[in-house]
Structures are given as C-alpha cells and as structure tokens.
Amino acid sequence: MTPIKVLWADDEIDRLKPQILFLEKKGYEVVAVTNGYDAIEKCQEAKPDVVFLDESMPGISGLETLTKIKEINANLPIVMITKNEEENIMEEAIGAQITDYLIKPVNPNQILLTLKKIIDKKGLVSEATASAYQQEFNRIFSAIQDGGDYKDWEEIYKKLVYWELELDNTQTEGMQEVLAMQKHEANAEFSKFIVRNYVNWIQNRSRGAGPTMSHNLFKEKIFPRLRDDIPNFVVVIDNLRWDQWKILQPIISESFRFLEEESFFSILPTSTHYSRNALFAGLLPFDIERRFPKLWKNDIDAGGKNLHEKEFLADQLERTNNQMKFSYTKITNNRNGLLLVDNIHNMLNNQLNVIVYNFVDMLSHARTEMEVLKELASDEAAYRSLTRSWFIHSPLWQALRRIEDQKINLIITTDHGTIRVNRPSKVVGDKNTTTNLRYKHGKNLQYNRKDVLEVRNPRDAMLPAPNVSSTFIFAKEDLFFVYPNNYNHYVNYFKNTFQHGGISLEEVIVPCVQFTSK
C-alpha cells in the first residue's frame, strides 16, 4: 500500500524532527520544507495527501501560502498550525477552507489524531455506521413484525430513512443491500397494515380513528400553527418524500430556525388529483365532488384535475372560521418561479400565502420519459441528490432567501410521495380503465388480489364512482400495473421508474415541517 504523504511547512522544521520521526514510524511519508514558496512548489511536485502549514513563516505567510495551494488543488486537506490565537486569523483561515487547525506546541499524538481524522475518517465512519446499523437491525426487524399502530409505522419509516441516509454518506455497500431488503420487508408489512385499517380510518376519522390524513392536514397541523402577528407561508412541494425532505432540511435550516417536524398520511390514491385536492378542500374526494359538482373531474374526464385548489382552499378557510387575507400561487415552470422571486415581498402583506411548487412531481414523470434523467436519477440516492441540486438553484429557494430577514412563519409540506417500482402485476380492464400505474378504477377489472387493496364500493373509501360498478385497486409495495397487451415492452419501459398512487411507506408517510425566522 502506498504510504500517506504529508507535506509539513514550518520555518522551525528542525525542532519538529521528533514529530516527523514519530509519523514515519507509523508509516507516513513526510516531506519537510521551511517556507511557503517551497511548500507551493512541493504541492505541485510531490502531490501530498495532506499539508501541515505554519501560519507564521518568512517570505509569504501561511495564509498567503494556503491561498496559493488551494489554487493548485482546492480539495487538498490543509491543517493550519499557529502560535497566534487571534480570532481574526482563525476566521481568515477557516474562511479559506482549512480542514483543521492546531495551536503550538503540538505533540506527536495530536498530529497523529489529526491525520486519522482527515485520512482515515471515511473508513472509520463507515465502519462505525455499519456497526451501529447492525445493532439497530434487530430492533427495526422486531418493530416491523409487531406492526403496531400508525405511530409505530411512522417511527419505523423514519428510522429506515435515517439509516438509508447514513449508509449513503459512508458508501457501505453491503449494509446498503441489507437495508434495501429490510425496507422491502417493511413495505410488505405496511401494505398489509393499510389493507386492514384504511377503510376504517376513512369511515371513523371523525371519532379519532387513525392518523392525520390529507383532508385533515390544514385543520389539525397547519391552522393551529398559523400566527396572527406575522405573515404565514405554506409551501407545498408536490411529491416530496420523507428522505427528500431530510436532504433539504439542513439547507433550509441555514436561513430559517427549525421548530417542528411531523408526518401525516396521504389518502389513497396517493396522487395529486386526489390527495392535493383533499388537502386544500379539507374534504375527501367523494365530498369534494358532492360539494363542487362542477369543479371536480374524475380520471376519465377531459381537462386538468387540479385547477380549482384556490377555490377549495377559500371554501375551507370559510368553513373553519379561518377567514383571512390569503394568496395562492402555483408554480409549474421556471418563468412562474422567477415571477415568484420578484413578487415574494408583496406577499408579506397577506396573513397566509400558499405556494404550490410542482418541480419534484415533474421530475419523477420526466424521469420515466427521458433516458438522460433515468441515468441522472438511477436510484433513490441519485434521486435525492437531484432533488437537492434542484432546490439549491431553484426560484423557490431564491424567493425564500429574499424574505429570510423578515419575521415570517414557514410551513413546508407536500401531498404525497413516490416509490421506485420494480415488479409488474397484470391487470385487465376495458377502454375506460384509468392509466395510472399504481392505482386503477374501472368496470370488470381482472387482477391478482394478492397484489392490491381492492375497494369494490368506492363510497367505502369516500371516493367518487364514475360508474355504478366501478372498482378501485391500489398496488402494494413496489408493484406496478401492466396490461397483457405488449406486456414485455411496458414492463421494461416502466420498471425502475418512480411512480405514485399506491401503497408504500414512501408514498403514504410524508412531512409537514415548521420553520420561523432566525
């Protein structure tokens, strides 16, 4: 194995021979220089793995040398060593992206510990993370087998996401495969849990049965958190999974103070048409159709299915005695996003501002259609990375940053999540059967009953029935529906794509989070 190469620049390098000999005995190769000019030259010639840099040297200073070295290799770890503890020097060094700093005199063990933190950190963290997950595995396994209530399932899913992100960061491939199998098992048991309980929740929610769901979200988690003294912003990022939210959390927390994190259950179908209309109306789809017969459209009807969310929200505000000055903004393209950036300050005059941002949903659909996006978002980790990259550069984040210095209340939520589908399930239906891959409704459907939650009477799940004999079916786990015609073509086309509408932890359990100004 090639030894780790350390470049050490210090004008009193002779006094550091004991430390250098100690490192060489530990297997490190040390290149010693006495000034900044030589340090810069050796960075180009010797290609060190890490640099120890004295802050005070003749010729050019350590900070000047640091800047020159970063120009050569921006990612090279540099440890600043100084006698001077003045705050401004430390701030300059940290601002120039040093990896660590030490105060003289330094002993050999300090140096060794610093090298291990820098060079061996990834391996040590990976080993520790894998070990910690192994210890947690049995507890999660027992929780999955026990099932419990909806609160238990929320905790199970959050733990799985936590470990998924931890293992992603450490690239522990073997443990990632174990976690993927555990998530698959969790989704199998969660689907059984939903099959057993969903209709009962829908029919008895008024008596406190079940979790907060899409149609109760405003009433139970948003209205109680609105403030009278400052503007409230409710941002609905369409199709935002819990793991994607956890990726965005540290970004948002840099500009806003994190207050509270909760989850709720999307109604079925876990699709924009049903869950988001229910969210804004504060009603289940059957009741929306009955209250707004001219505004509700069924799947087989022509035209947009989410064109009246503002009217639904206004009606909910009035019904719940939450009448207030509010705005509703839906962003479906970059041009509208830039208009939001320009207009965000005007919204401070409203008590409530609701912003619906559609990018993540468009991303999942575009990934199905475009080969290049299939490559960019080939799995969950890549999908999260793409979501993070979008958010950092999005007009939405730009707009929110424009009001970070204002006193505001910020709630971020979604309507449903999405799952990467892998296993086909055959369905036969007539020409009026819906085309969605994760749920279908129609007459005389033929399907494998083991693969679905079936609702033969849509009214049981408070869903509209376009026909008297309509049946709804919802795909479990990572299944997707395919017709027998041209079966292999569509299996290959849709396999490994992100879809929504059915039953999975990823689609059903989604975030509702509160921030305020710092």
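Visitor: Let's start with one residue: does asparagine 187 count as buried or exposed?

Guide: The cut-off for buried is under 20% relative accessible area. Asparagine 187 comes out at 5%, so it counts as buried. Keep in mind that this is a predicted model.

Visitor: Where does asparagine 187 lie, and which residues is it in contact with?

Guide: It's in helix H8, which covers residues 173-204. Leave aside the neighbours within four places in sequence, and asparagine 187 is in contact with Ile419, Glu477, Ser504, Leu505 and Glu506. As for tyrosine 274, it is 87 residues from asparagine 187 along the chain, and their C-alpha atoms are separated by 22 Å.

Visitor: Can we zoom out for a moment? How many helices and strands does the protein chain have?

Guide: There are 20 helices and 19 strands. The C-alpha atoms fill a box of roughly 90 × 50 × 40 Å along the principal axes. Of the 518 residues, 55% are buried. Among contacts with a separation of 6 or more, 74% come from residues 24 or more positions apart. The chain exposes about 23,800 Å², and 47% of that is supplied by carbon and sulfur atoms.

Visitor: How do I sanity-check a helix, say H10?

Guide: Compare its expected span with the distance between its ends. H10 has twelve residues, 242-253, so at 1.5 Å a residue it should span 16 Å; the end C-alpha atoms are 16 Å apart, which agrees.

Visitor: And which residues of H10 are buried?

Guide: They are Trp242, Asp243, Gln244, Trp245, Leu248, Gln249, Ile251 and Ile252. Hold on to Asp243, since we'll meet it again among the charges.

Visitor: Good, charges next. What's the general idea behind a salt bridge?

Guide: Side chains of opposite charge can pair when their charged atoms come close. Here the protein chain has 63 positive and 70 negative side chains, with the centres of the two sets 7 Å apart. The salt bridge count comes to 33.

Visitor: What does a salt bridge inside a helix look like, taking arginine 139 and glutamate 136?

Guide: Their side chains meet at 2.9 Å, N to O. The two residues are three apart in helix H6 (residues 121-146), which means about one helical turn separates them. On accessibility, arginine 139 is exposed at 52%, whereas glutamate 136 is buried at 13%.

Visitor: Back to aspartate 243, then. Which residue does it form a salt bridge with?

Guide: Arginine 241, with the closest N and O atoms 2.7 Å apart. Arginine 241 is buried, with a relative accessible area of 0%, and aspartate 243 counts as buried at 1%.

Visitor: What about a pair that links distant parts of the chain?

Guide: Try arginine 423 and aspartate 478, whose closest N and O atoms are 2.7 Å apart in a salt bridge. The arginine is in strand S12 (residues 423-428), the aspartate is in the loop between strands S16 (471-475) and S17 (479-482), and the two positions lie 55 residues apart. Arginine 423 is partly exposed at 32%, while aspartate 478 counts as buried at 11%.

Visitor: Which residues are joined into one network by salt bridges that share partners?

Guide: Glu164, Asp168, Lys183, Arg241, Asp243, Arg384 and Glu506. Two names are familiar by now: Arg241 and Asp243 are the pair from a moment ago, and Glu506 is one of the contacts of asparagine 187.

Visitor: Last topic: the backbone. What should I look for?

Guide: Most residues other than glycine have a negative phi, and most peptide bonds are trans. Now look at the exceptions. A cis bond joins lysine 104 and proline 105, with omega about 0°, and proline 105 sits in the loop between strand S5 (100-103) and H5. Another cis bond joins leucine 268 and proline 269, with omega about -5°. Proline 269 is in the loop between strand S7 (256-265) and helix H11 (272-281).

Visitor: And which residues have a positive phi?

Guide: Methionine 462 is one of them, with phi near 55°. It belongs to the loop between strand S15 (452-455) and S16, and it's buried at 15% relative accessible area. Asparagine 486 also has phi near 55°; look for it in the loop between S17 and helix H19 (487-494).

Notes: Residues numbered from 1 in each chain as written. Predicted model: local features only at pLDDT ≥ 70, side-chain atom pairs only at ≥ 80, totals over all residues. Heavy atoms only, no water. Helix = DSSP H or I, 4+ residues; strand = E, 2+ residues; numbered from the N terminus. Expected span 1.5 Å × (residues − 1). Buried < 20%, exposed > 50% of the residue type's maximum accessible area, 1.4 Å probe, protein only. Salt bridge = Lys/Arg side-chain N within 4 Å of Asp/Glu carboxyl O. Contact = heavy atoms within 4.5 Å. Areas by Shrake-Rupley, 256 points an atom, 1.4 Å probe, with all protein chains shown as cover. Lys, Arg positive; Asp, Glu negative; His and termini not counted. Charge placed at Lys NZ, Arg CZ, Asp CG, Glu CD.
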